[in-house]
Amino acid sequence: MEQTQRVLSQPRPTPTSQPKKKRTLVRSFFSKVSWKLRLQKQEPLKNVFFILAERARDPNAKKRYLAMRGLGTLACEAPDKVRKYKKAFLDLLVHGLYDPVSSEVIHESVKTLTIMLGKIQGQGLGSFFIDITLQTRTLLDDENDNVRYSAFVLFGQLAAFAGKKWKKFFTHQVNQTQDSLLTHLQDKSPRVAKACKTTVQACVPYLKPRREQCFQSEEDQRNPRLSRQLSHYHPEVLLFLYANKIL
C-alpha cells in the first residue's frame, strides 16, 4: 500500500499546453489502472474496481471512456474475480452504453460488454438483457463503422445467450431488426458486412414464421424437414439468406 501511495504521489511535469495536458491525463490514469492490475496481490482488486466505477460516472467524457477501457482490461485479466462484482459491473457498462454525449464511451461499453458476456456465458444477466438488447439494436445503424461492427458482434452474442427466458422478447427484437440486417449485409465496410452475416446466421432461429401455407415442389418433397422449416419464412428473408449463401 505504501508503494501505491509513493507512485500516486510522485510529482509530474507541468504541461505547457492544453492538448498536452489532456494527453498526460489519459496516460496517467490508464497507467495507474495497468499498474494496479499488475500488483493485484498488493492492491486489492476491489479498490481498482471502485476507482473505475467512480470514473465511469465522471462528468468528464474522457475519464468515462478510460474507465470503460479499464473495465475491459479488468474483465480480460481477472474474469473469475470480476464475476463477484457482476451486477455492479454490468450496471456501469449499461450506463456507458446509453452515454448521451460520447460515442467513444458507447463504443468501449459495447466492446467491454462483449468481453464480459463471453466470460460469464450470458448467465445471470437478468433485466440487463433487455437494456443491452434495445440499445444495441439502435447502434446497428450508427454512422461510425467501428460502433456498427461492435454492435453486430454483441447482437449476435445476445442471440446465443437469449435462452428460454428471453426467447419471446428477443424474437420480437430480431424481427424488428430485419431491415437493418438486410441493409448491412451490403455495408460499405467489408468488416461490418461480415459481422452482419455472422449475426444473421445466429438470428435465423428467431425469425418469425409465416402463417400461410406454401406450395412444395417435387424437389422440396425429397427433403420434407428442410422444406417445412423454410416454408415458414418470409420470401424476402429466404431470398436474402440464399443470396448470401447462409442457407
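Welcome to the tour. What you have open is a predicted model, and our opening stop is a pair of helices, α3 and α4, whose crossing is left-handed.

**Stop 1: α3 against α4**

Select residues 45-56 for α3 and residues 61-77 for α4. The axes of these two helices come within 8 Å and cross at roughly 150 degrees, so α3 and α4 are roughly antiparallel to each other. Now show the side chains where they meet. On the α3 side, pick Leu45, Val48, Phe49, Leu52, Arg55 and Ala56; on the α4 side, pick Lys63, Arg64, Ala67, Met68, Gly70, Leu71 and Leu74. Colour them by type and you will find nine nonpolar residues, one polar and three charged in this contact.

**Stop 2: α3 against α6**

Keep α3 on screen and add α6, residues 86-97. How far apart are the axes of α3 and α6, and at what angle do they pack? The axes lie 10 Å apart, at an angle of about 25 degrees, and α3 and α6 are therefore roughly parallel to each other. This crossing, too, is left-handed. Phe49, which you selected in α3 a moment ago, appears here again: together with Ala53 and Ala56 it meets Ala88, Phe89, Leu92 and His95 of α6. The residues of this contact divide into six nonpolar, one polar and no charged.

**Stop 3: the nonpolar core**

Zoom out to the whole protein, with its 15 helices and zero strands. Of its 247 residues, 44% are buried. In soluble globular proteins, nonpolar side chains tend to be buried together. Here the largest nonpolar core has 58 residues. Which helix supplies the largest share of this core? Select α9, residues 145-161, and you have the answer, with eight residues from α9. Among the other helices that each supply at least two residues are α3, α4, α8 (128-139) and α10 (163-176).

Two residues have the most contacts inside this core: Phe89 and Phe170. Phe89 you have already seen, in α6 facing α3. Centre on Phe170 next and leave out residues up to four places away in sequence: Phe170 touches Phe129, Thr133, Phe155, Leu158, Ala159, Ala162, Cys203 and Tyr206.

**Stop 4: Ala75 and Lys119**

Go back to α4 and select Ala75. Is Ala75 buried or exposed? Ala75 is buried, with a relative accessible area of 1%. Beyond its neighbours up to four places away, Ala75 touches Val82, Phe89, Ile115 and Lys119. Try a distance label as well: the C-alpha atoms of Ala75 and Leu117 are separated by 9.8 Å, with their positions 42 residues apart along the chain.

Follow the contact to Lys119, in helix α7. Lys119 is partly exposed, with a relative accessible area of 33%. Setting aside neighbours within four places, Lys119 is in contact with Ala75, Cys76, Pro79 and Arg83. From Lys119 to Asp80 the C-alpha distance is 8.5 Å, though they are 39 residues apart in sequence. Across the protein, residues 24 or more positions apart account for 68% of the contacts with a separation of 6 or more.

**Stop 5: Ser180**

For the last stop, select α11, residues 178-184, and pick out Ser180. Ser180 is buried, with a relative accessible area of 11%. Which residues does Ser180 contact, leaving aside neighbours within four places in sequence? Show Asp141 and Phe152, and you have them.

Definitions and conventions: Residues are numbered from 1 along each chain as its sequence is written. This is a predicted model: local features need pLDDT of at least 70, side-chain atom pairs count only at pLDDT 80 or more; totals for chains, interfaces and linings use all residues. Side-chain values use heavy atoms; hydrogens and water are left out. Axes are lines fitted to C-alpha atoms, for helices over the stretch in contact, and angles run from 0 to 180 degrees between N-to-C directions. Helices (H or I, at least four residues) and strands (E, at least two) are DSSP runs, numbered from the N terminus. Angles under 35 degrees count as roughly parallel, over 145 as roughly antiparallel, 65 to 115 as roughly perpendicular and the rest as oblique. A crossing is left-handed if the near helix is turned anticlockwise from the far one by less than a right angle, and right-handed if clockwise. Contact means heavy atoms within 4.5 Å. Ala, Val, Leu, Ile, Met, Phe, Trp, Tyr, Cys and Pro count as nonpolar, Asp, Glu, Lys and Arg as charged, and the others, Gly among them, as polar. A nonpolar core is a set of buried Ala, Val, Leu, Ile, Met, Phe, Trp, Tyr and Cys residues joined through side-chain atoms within 4.5 Å. Buried means under 20% relative accessible area, exposed over 50%, partly exposed in between (1.4 Å probe, protein chains only).
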